[in-house]
Structure formats: structure tokens, C-alpha cells
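Please open the model in your viewer and keep the selection panel at hand. The tour begins with a pair of domains and the place where they meet, and then steps back to the whole chain.

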Amino acid sequence: MDSEALRKYSALHPKPAGLTLQYGTAGFRTKAEQLDHIVFRMGLLAVLRSKAVTGTIGIMVTASHNPEEDNGVKLVDPLGEMLHPSWEEYATQLANAEDQELQKVITEICQKAAVNLNKDASVFIGRDTRPSSEKLSQSVIDGIQVLGGQYHDYGLVTTPQLHYMVCCQNTQGQYGKATLEGYYEKLSKAFMELIKQSHCSGESQRHLKIDCANGIGALKLSEMKPYFPQEVLIHIYNDGTKEKLNHLCGADFVKVHQKPPGGLDMKPNERCCSFDGDADRIVYYYKDTAGHFHLIDGDKIATLISIFLKELLAKVKQNFRMAVVQTAYANGNSTRYLQETLKVPVHCVKTGVKHLHHKAQEFDVGVYFEANGHGTVLFSKAAETKIRQLVKEEKDDEKREAAKMLENMIDLINQTVGDAVSDMLVIEAILALKGLTVQQWDALYTDLPNRLLKVQVADRRVIDTTDAERRALTPPGLQEKIDALVKKYKLSRAFVRPSGTEDVVRIYAEADTQENADALAHEVSLAVFHLAGGKGAPPQP
């Protein structure tokens, strides 16, 4: 390690006094002007991680659905998955070290993680369209070069595209070609193969309006348009030419406010969807003839995909284990429908993509979506091999056709991470193959009315939870109080959990009517305020 170069470059990216940040599920996220030293140091860390695993590591500069002024950075592990939890701690240590301690902390990480500094290192870099992203990715490059790493800068890409590239690179091209063309070709080919097998006609089926949150999704969808077949008519809105990123638009805005984004005119019964700022989440929606807005969130996306996969799995007659993984935020009626009507096992895990992804890996076919629209499907190696073998060797026509569809689904789905572009194509293919309208999809089950609230507290750590965050262990008396409140309403449930990023407690409640869901959420928020050290004035109904 060249300590002179490290000192010199570190001085160009000094750490502001008194700033401490924590590497969480989304990496680091804060105001863009506070991030320069962080991204430089993540460039250093990516080189160390690459040497430790002897593979290419990804670094994405993005703050996803946060406002345009924010930015962030996260690392991508060799198979396109999120950074290993033990390295999240190293990231936090490195980010918060004082400038003069930097070399010492690097040496400690090398010892703890058995990093051989003489090995080669390779890092892929991507960034979103924020004004601050280009300069920050330059700082990443400084960090990589100080420790002698090689890098490839992909420039503007969606977060899932970078995950995809990293996976392709480390599987020696087995997952696909590590280029944008490779990504577009693989997805469009699988999509076209799938809809070729659709027997329903009807041009109107294929019109789709897409709100791209004024982000990177618009750029990449436009690039991908030439790869689509004629009958796919996508109309891009909020493409970033006029308005600010994520401002009054995007998947997060639509999900939280339960209303259409600005900048997109909806006619009755038109199919519309929204990406978030870095295109790793998607939600669908439409307006009915009476003008009512209907949101189709991650739970309903998971349900549609599960119906389709379950039918195909039944046709290929292999004993594949399939399950859906949800969090406590999943609507109660979606869980009921999956378990009781579809007879698909459902597992509940703690909030955070890494928990969902990890659980989904236990099955031959693991479907996971958060209600916010982030999700994907994972196929076990054994299931994938068997399906590809059936396509080649199966004599029975129906079985072979079903296996072929499954094979195309495997190629169309980005298994590394939730991907709005890939998920959109999966959904469009399923709707076409099943001849479903957006209304029929929505009518599979009716969501229970629900309400999300948050309460500011002095210290979020006073709340500790169990049972995949569905029950509170501390403070004493809180869970008993919630249980008593829930008993007052029909079809109701409620839970509280500390935020991962700020001193607030998040509250979720659902019940048979919106009025009851609102009342329950408010009563629970009062209980949290009084028992968990609320700040400021008590919550108002």
C-alpha cells in the first residue's frame, strides 16, 4: 500500500468534522455535498473486497427514490447480490475514520478479512442521473486507483443493470454478456419468445404508460426501445428533460400517496406503471370509469407472477418447491389469497431486501416482493438445470411448452436484484399470455384498507421487535397495548418497528374499513408516543 499516495488523495477528499454515517440496506445515503470522502473511501473498500473474494465488485452512485439533492453509494458483491453483512461493518468503520487513521483502518480490515494486497482487483462503476453523481463517481475512481485497482466505468446505468454486469463478469459470461447491449438482447429475446407463445390478440393489450420518475429509467428504456417487438407500445413520461428527479412522481410517491404521479395523463382503464429513481422498483395502477385510482403494488405483482409460475410448474410435473417471501408490510389479504386460494407457502421475514433475498434462496422457485414494488424471482441451480434439460429432451408437447416458458422466464427475470425494466416485461408477458386486463388482475383480491404513520422519538433503539418485526419486545407494555387496540376492530392487525435510518418509529395498521385502519393507526401511534419516548406534540388524528 502506497501510504504517500493514500495521504495525498485522502487530503483531496477530506472528512467533514463530526460527521458519522452508517452503511445500511441502501448503502450510504445523505446530502450529496457530504458524500465526497465517503465515495472515495468506498472506492478503497471495493478494491479490498475484490482482492478478498478474487472477483469483480460493483459500486453504484445513487440515492434511489430520495430527493435530487441527496446522493448515495452502495457496493455490489460478485454474484450481483448486496454487500456481505460483515463488510457493511468495515464500510461504516472506513467511512467514519478520521483522515489520519485511514491507513490504520485499512490495515485492520486486511487483517480481519484476510485480504492479500498483492492480488489483482477489478471494480465496475455505475451512476444515476443526479447532478452530483458524475463528480462523485470520479472520487470513487480516485479511491480505486490509490490501491492499484482496475476499473470499468459504465457511466449512466440503472442500479439493476450494474448488478447484472457484475454477475455476468463473475460467472464468465454464463449469466449473460457484461454490456448494456447484452442486457437489452437477453431480456428482449426472452420477452419476444414468451409473447410468441401467447394466443390472445388485441392490440390494446400492449399499450403501457410509464412514469420514469425523471430518472435513469427513462434513458435506458429509450435505449432499449429498438429491441422491442412492434406490438409493444411503451409511452415514456417524466423522462427527466423538464422536472426534478422523484419530484411528485415515481414508484415511491405513487405508493405512499396512493395517487397518480404528476406529468402523466391517465384515461379510464389505461395500464400505467411507475419506476423509482434508479429503476429497481415498480408499481402499476389505473383509473376506473368512475375516476377512482387503483394501485397495484408489490404484493399484487408477486401474486400475478406466482399464479403464472405455479401453473407452469404443475405442467412440468417436477417436485419443485415454490414459496413467496413477504415482510410484515404485505397486505393481509394478499397473504390470505396466496395461502388459501393459491395454496402457495408464504414466509414472513424482517424488512429489507437482503432478508427477503436470503430466504428466497432456500426454495427451487422463490418469489419475493416488498409492498413498495422491489422484488424478483430466484430459481435454484438444480431447478434451472432441470428446466433447461426438459426443453431439450422432453417428448410430451405440453410439458415441453411449459418448460420453454419457464426457461424464458428464467432469462427474462433479473435474479440478482429487483429490476423495474425486467419486472415490467415479466408482468406484460404474463398479462398477454393469460389474456388479463389490468382490472382483472386487480380483482384477484381486494386489499384491506391500511395506514402507515411515523412517530418521532428521542431514541429509536428503545423499540426492539421479534417474529419478523410483527411483535414488540420493548418497551414493556407496548405490545400488550397494541394487542388490546387490535381487538377493537374487525380483520385488523398492527405492528411498530424502528426506522433503519432516522429516530422515528414506523406504524402499520390495517382493518376492515379505511376509517378503522386510520383510527387503529392513530391509537397505536399514541401508545408509541407515550411508551417509547415520543418527541414534540402528541400525534393528532
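In this predicted model, begin by selecting domain 1 and domain 2, whose C-alpha centres lie 32 Å apart. To make the selection, take residues 3–156 for domain 1 and residues 186–201 together with 210–447 for domain 2, while residues 450–532 make up domain 3.

Next, show the residues where domain 1 and domain 2 are in contact: 17 residues come from domain 1 and 18 residues from domain 2. About 1,400 Å² is buried between domain 1 and domain 2, and carbon and sulfur atoms account for 54% of that area. On the domain 1 side, pick out H65, E68 and T129, which lose the most area to domain 2 and together give 34% of what that side buries.

Now turn to the charged and polar groups at this boundary, where two salt bridges are counted between domain 1 and domain 2. Select E69 and K244, which form a salt bridge with their closest N and O atoms 3.0 Å apart. Nine residue pairs are found in polar contact across the interface of domain 1 and domain 2, and the domain 1 side that touches domain 2 is made up of three nonpolar, seven polar and seven charged residues.

Finally, zoom out and colour the protein by secondary structure, which shows 18 helices and 19 strands. Along the principal axes, the C-alpha atoms fill a box of roughly 65 × 60 × 50 Å. The radius of gyration is 24 Å, which agrees with the value near 24 Å that a compact globule of 541 residues would have.

Technical notes. Residues are numbered from 1 along each chain as its sequence is written. This is a predicted model: local features need pLDDT of at least 70, side-chain atom pairs count only at pLDDT 80 or more; totals for chains, interfaces and linings use all residues. Side-chain values use heavy atoms; hydrogens and water are left out. Domain bounds come from an automatic or database domain assignment. Contact means heavy atoms within 4.5 Å. Buried area is the accessible area (1.4 Å probe) that two parts lose on being put together, summed over both. A salt bridge is a side-chain nitrogen of Lys or Arg within 4 Å of a carboxyl oxygen of Asp or Glu. A polar contact is a pair of N or O atoms within 3.5 Å; within protein, one must be able to donate a hydrogen and the other to accept it, and residues adjacent in sequence count only if both atoms are side-chain atoms. Ala, Val, Leu, Ile, Met, Phe, Trp, Tyr, Cys and Pro count as nonpolar, Asp, Glu, Lys and Arg as charged, and the others, Gly among them, as polar. Helices (H or I, at least four residues) and strands (E, at least two) are DSSP runs, numbered from the N terminus. The radius of gyration is taken over C-alpha atoms; the globule rule is 2.2 Å times the number of residues to the power 0.38.
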